[in-house]
Amino acid sequence: MTFYLQTLVSFREMDAKKVWDPSRVAFVLDHYAQRPRRSSRHKPKEMRNFCEIHGITNLFDVNCHAIRSAEAGLVRPGMLVVETDSHNHRGALGAGTGCGATDMAAILATEQMWMRLPR
């Protein structure tokens with residue numbers, strides 16, 4: 001799973017206490033690299049802090065995240081990967097689907113989501 005900072009806000013707002021399985025979660029900082037505005041410079045630090053608190057060790061710095069997570073064995077063709085980054089693994093490995101920040105926060109806390117599958 002990859003997600004944006006708004007996910008952390010939603011996670012806190014729903015008063016979630018822990019991530020259901022930190023080993024199955026990945027944070028990617030690619031989209032938060034070289035933030036030109038002062039208002040957004042805190043985002044990588046906030047994400048790192050969340051990972052530390054919840055024991056998430058799959059943290060990717062500024063690299064091509066679609067490739068790095070596959071190299072690390074986290075994503076393989078045929079897997080279902082839920083992510084807030086809409087262009088990540090779907091094209092590269094056919095393994096992803098997107099969701100919003102609030103949905104991702106609920107998935108982090110419960111390991112559950114509802115999906116409508118085609119016939």
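Trainee: In this protein, what share of the contacts with a separation of 6 or more comes from residues 24 or more positions apart?

Mentor: Such residues account for 57% of those contacts, a contact being heavy atoms within 4.5 Å. Before we go on, this is a predicted model, in which local features need pLDDT of at least 70 and side-chain atom pairs count only at pLDDT 80 or more, while totals for chains, interfaces and linings use all residues. Residues are numbered from 1 along each chain as its sequence is written, and side-chain values use heavy atoms, with hydrogens and water left out.

Trainee: How many helices and strands should I look for?

Mentor: There are 5 helices and 4 strands in the protein. Both are DSSP runs numbered from the N terminus, helices being H or I with at least four residues and strands E with at least two. Read from the N terminus, the order is α-β-α-β-α-β-α-β-α.

Trainee: And what percentage of the residues counts as buried?

Mentor: Of the 119 residues, 39% do. Buried means under 20% relative accessible area, exposed over 50%, and partly exposed in between, with a 1.4 Å probe and protein chains only. Asp30, in the loop between S1 and H2, is a case to look at: its relative accessibility is 18%, so Asp30 counts as buried. The C-alpha atoms of Asp30 and Phe60 are 7.8 Å apart, although 30 residues separate the two along the chain.

Trainee: Which residues have the most contacts inside the largest nonpolar core?

Mentor: A nonpolar core is a set of buried Ala, Val, Leu, Ile, Met, Phe, Trp, Tyr and Cys residues joined through side-chain atoms within 4.5 Å. The largest one here has 14 residues, and Phe11, Val19, Phe27, Phe50 and Ile56 make the most contacts within it. H1, H2 and H5 each give two or more residues to this core, and H2 gives the most, with 3. Leaving aside residues up to four places away in sequence, Phe11 touches several residues, among them Val19, Phe50, Ala105 and Leu108.

Trainee: Where on H5 do the buried residues sit?

Mentor: Start with the general idea: an α-helix has 3.6 residues a turn, so residues three or four places apart point the same way. In H5 the buried residues are Ala101, Met104, Ala105, Ile107 and Leu108. They cover an arc of only 160° around the axis, so they are on the same side of H5; the arc is taken from the directions from the helix axis to the C-beta atoms. H1 and S3 are among what covers these buried residues.

Trainee: How many salt bridges does the structure hold?

Mentor: Side chains of opposite charge can pair when their charged atoms come close. The cut-off used here is a side-chain nitrogen of Lys or Arg within 4 Å of a carboxyl oxygen of Asp or Glu, and the structure holds 3 such pairs. In one of them, Arg12 meets Glu46 at 3.5 Å, N to O. Arg12 lies in helix H1 (residues 6–13) and Glu46 in helix H2 (residues 43–54), so the pair ties together parts 34 residues apart in sequence. Arg12 is partly exposed at 43% relative accessible area, and Glu46 is partly exposed at 24%.

Trainee: Which residue pairs with Arg24?

Mentor: Glu111 does, with the closest N and O atoms 3.6 Å apart. This pair links distant parts of the chain, 87 residues apart: Arg24 is in the loop between H1 and strand S1 (26–28), and Glu111 in the segment after helix H5 (101–110). Glu111 is partly exposed, at 45% relative accessible area. Look at its backbone too: phi of Glu111 is near 70°, a positive value in a residue other than glycine.

Trainee: What is the phi of Asp15?

Mentor: Asp15 has a positive phi of about 60°, and it is not a glycine. You will find Asp15 in the loop between H1 and S1. Its side chain meets that of Lys17 in a salt bridge of 3.0 Å, N to O, and Lys17 is exposed at 63% relative accessibility.

Trainee: Last one: which residues make the nonpolar surface patch?

Mentor: Leu80, Met113, Met115 and Leu117 make a patch of about 400 Å². Patches take residues with over 30% relative accessible area and no salt bridge, joining like charges within 9 Å and nonpolar side chains (Val, Leu, Ile, Met, Phe, Trp, Tyr) within 5 Å. Leu80, in the loop between helix H3 (65–71) and strand S3 (81–83), is exposed at 55%. For the whole protein, about 7,500 Å² is exposed, with carbon and sulfur atoms supplying 51% of it; accessible areas come from the Shrake-Rupley method with a 1.4 Å probe, and for residues only the protein chains shown count as cover.
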